[in-house]
Amino acid sequence: MMRTIFMTIPDWFAARNILQTDAFKMMRSRGDLRIVIFGPFAGGRSCLEDLPGVKGENVFFEDQARYMPDLPERVLRKMQELIVFNVNYVENIWFRDMYLMRSNLFLFSAQEVAKKVLGKKRWLLGPLDSLDWRLAWAKHPRYIEPFRRYRPDLVFSTNMLRHTDWKLVQTARRLGVPVVSMVANWDHLTKGLLPPSDFVIAWSEFNRRELMTYYGYRPEQIAIVGIPHQDYFVRVNPAEAREKVRRELGVREGEKLVLYTTARFIYYEPEIVEILCRAVREGRIRFPVHVHVRVHPEDRYERYRHIEEEYRDFVTFEGGGKTLVPRVYSVKAQTEVDVRGRMWLPDEGDMIHYAELLYAAGVAVNIASSVTLDAVALDKPTVNIAFDGYVERPFIVSTRRYFHTTHYKTVARSGGVRIARSPDELVEFVNMYLENPALDREGRRRIVEESGGPLDGKCGERIARAVLGFLEKCAQGRASS
């Protein structure tokens, strides 16, 4: 019997976690399964269908941007979020609120009034969701049409922070279609509200506790699968990766590789990179090193160009528009035909290259990034940055705040990373780790146990088995009813 799954792939998180792992390969190989992918379109065609291994006779594409919620829908979702996080104190939300207070006092004040009115009334969640649906009556034909055309047996939402995912999930629940949601990144459960789902796929034991504490899920409603993109780590030969990367980057004999990965867009991060490079040139890093900077897809290489020109004898850069196509992530931008085709979609080569960089690194440096999870999974010494370049900024816009967030404070307390609170400490910790790579190994192991998962190359397989297993369970339930 042919069954149909709606699968959302709204951005690069989902493309990396699903399309570039065995999760999609296993599902697509099922002859009795039809997969309808909801993702960004450009020029009337899907941005995803040119990715290797995505097309298939049982794979269809729909433009997810057609399901963009309007302002009333987004406001009502925000009200539900305020209730959930009023019930449970979450540092990430507090930081976001404080930033809003600095940037838009009117919106912050309106939000605070809404918090007082809504309070901790969980019973309001259902009525607010119903009101949301009623107010969107003019859009109902658009939302419902693909459900009538394909008659899906399951909706698989791969990034619950996307508003487009929210509306598809809401429509599914209104029509009685089961929903599986997936945590797209380790910090997402405390960045925004997870839409109500029947089953959730999460990365780690840390995510499981969040789902049970903040959202009330039962253990049997949660599958822990690990970190999807780390499946590529076991496909790389460490010795060959180190040799290849050193050759491609021009790392000289006897030099150690320091890998710096930038954040999304921290306006003073070029200063931090420059501080590290100056320390190398002045000899305060006691070992010969080559610094390689991997610029985040949402960052821009142009901000660092002057650093590469000044220190090109031992510094190289990649990403951020330098070696990859420009990226566009916002859902709003993805609805515009002229830019949607430029979003970054990592392919297998990107993932292999990232794994090779980590294997080649002697020390990984970043600002409280998920790269920390990847580095410690490979037992790489990691230094986190907790200072603001040349000038100390107010706490709410400082790198210091990241180490108090809900998801990262467990890493900060693990003893598995060194947190540099000044340029001098950055130099000290890099020197320590280059001299003794085994330092803090036990702490790195604790981070993996708490916030990571098994490094066995089978995360994608576990995702597929969780989705297909729940699909089969729902089919059996319908057959017996």
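The open sheet in this predicted model has six strands in the order β12-β11-β10-β13-β14-β15, with parallel pairing. At its edges lie β12 (315-319) and β15 (418-420), each of which pairs on one side only. From one strand to the next, the twist averages 20°. Pairing here requires at least two bridges found by DSSP; helices (H or I, at least four residues) and strands (E, at least two) are DSSP runs, numbered from the N terminus.

A word on conventions. Residues are numbered from 1 along each chain as its sequence is written. Local features need pLDDT of at least 70, side-chain atom pairs count only at pLDDT 80 or more, totals for chains, interfaces and linings use all residues, and side-chain values use heavy atoms, with hydrogens and water left out.

Let us turn to one edge. Strand β14 (residues 382-385) runs parallel to β15 and is joined to it by three bridges. V383 stands opposite R418 in β15.

Two helices pack on the sheet, contact meaning heavy atoms within 4.5 Å. Helix α10 (residues 238-249) touches β10 (256-261), β11 (289-295) and β12, and its direction makes about 80° with that of β10. Helix α11 (residues 269-281) touches β10, β11, β12 and β14, at about 170° to the direction of β10. These angles, on a scale from 0 to 180 degrees, are taken between N-to-C directions of lines fitted to C-alpha atoms, for helices over the stretch in contact.

Finally, F395 is located in the loop between β14 and α17 (409-412). The relative accessible area of F395 is 32%, which counts as partly exposed (between buried, under 20%, and exposed, over 50%; 1.4 Å probe, protein chains only).
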